[in-house]
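I'm opening a fresh page for this one. Here is what I have in front of me before I start looking things up.

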Amino acid sequence: MGTYLGLFLSAFLSATLLPGSSEALLTTLVYNGGYSAALLLIFATAGNVTGSVFNWICGTFLMQFQDRNWFPVSATQIEKATRWYNKYGTWSLLFAWLPIVGDPLTVVAGILRAPFWLFLILVTAGKLFRYGLIIAGVEFFF
C-alpha cells in the first residue's frame, strides 16, 4: 500500500506546482510490474485531482495570499492561464494535465468561480485519460 500512497503524493505534488514527477514514477511502477494497473491509475488520478482541487481552493478562497512564497502559482502564470481559460472556456479544464498551463488553469478556475462539480468532472476526465494513456503505452511498448 505504501507504493500506492507514494504515487498519490507524487501526483498531488505534481498538480500543485511543487516538484514532482508522477508520470516518471507511474511509468517505473508499471514497467517494473508487480502492481495493479487499475490501482496505479486510481491512486495517480486521485492524487493529481486532489492537487488540482487544492489549486481551485487557492483560487477561490486564498487569492489575498498570492504574493506569498507558498502560493502555488505566480502572477504571470495566472495571467497566462486566465487568457487560456477565457479563450477556450470551461472545457479547457480537460487539459489541466498539460505542462506549464495546466496547474495555473486550475487556480484560475477557482478565481473565476467555475462550478466545483463541473471542475471536478472535467479535471478528473482529463487526468484519468492521461494516466490511462501512460499505463497503456508502457504496457504496449515494454
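**Inside and outside**

I began with burial: 39% of the 142 residues in the protein count as buried. I had to remind myself that buried here means under 20% relative accessible area.

Next I looked up the surface. The accessible surface of the protein comes to about 7,600 Å², and carbon and sulfur atoms own 70% of that.

**How far to trust it**

Note to self: this is a predicted model. I checked the confidence, and the mean pLDDT of the protein is 91, with 98% of the residues at 70 or more. Where is confidence lowest, and where is it highest? I found the low end in helix α4 (residues 75-88), with a mean of 86, and the high end in helix α6 (residues 116-141), at 97.

**Fold**

I counted the elements and got 6 helices and 0 strands. Reading from the N terminus, I wrote them down as α-α-α-α-α-α.

Then I looked at who touches whom. Taking contacts between residues at least 6 apart in sequence, I see that 72% join residues at least 24 apart.

**Size**

I noted a box of roughly 45 × 30 × 25 Å for the C-alpha atoms, along the principal axes. Does that go with a compact globule or against one? What radius of gyration does the protein have? I get 15 Å, and a compact globule with 142 residues would be near 14 Å, so the value agrees.

**Charges**

Last entry: I list 7 positive and 5 negative side chains. The centres of these two sets lie 8 Å apart.

Note on methods. Residues are numbered from 1 along each chain as its sequence is written. This is a predicted model: local features need pLDDT of at least 70, side-chain atom pairs count only at pLDDT 80 or more; totals for chains, interfaces and linings use all residues. Side-chain values use heavy atoms; hydrogens and water are left out. pLDDT is the predictor's confidence in each residue, from 0 to 100. Helices (H or I, at least four residues) and strands (E, at least two) are DSSP runs, numbered from the N terminus. The radius of gyration is taken over C-alpha atoms; the globule rule is 2.2 Å times the number of residues to the power 0.38. Buried means under 20% relative accessible area, exposed over 50%, partly exposed in between (1.4 Å probe, protein chains only). Contact means heavy atoms within 4.5 Å. Accessible areas come from the Shrake-Rupley method with a 1.4 Å probe; for residues, only the protein chains shown count as cover. Lys and Arg count as positive and Asp and Glu as negative; His and the chain ends are not counted. The place of a charge is taken as NZ of Lys, CZ of Arg, CG of Asp or CD of Glu.
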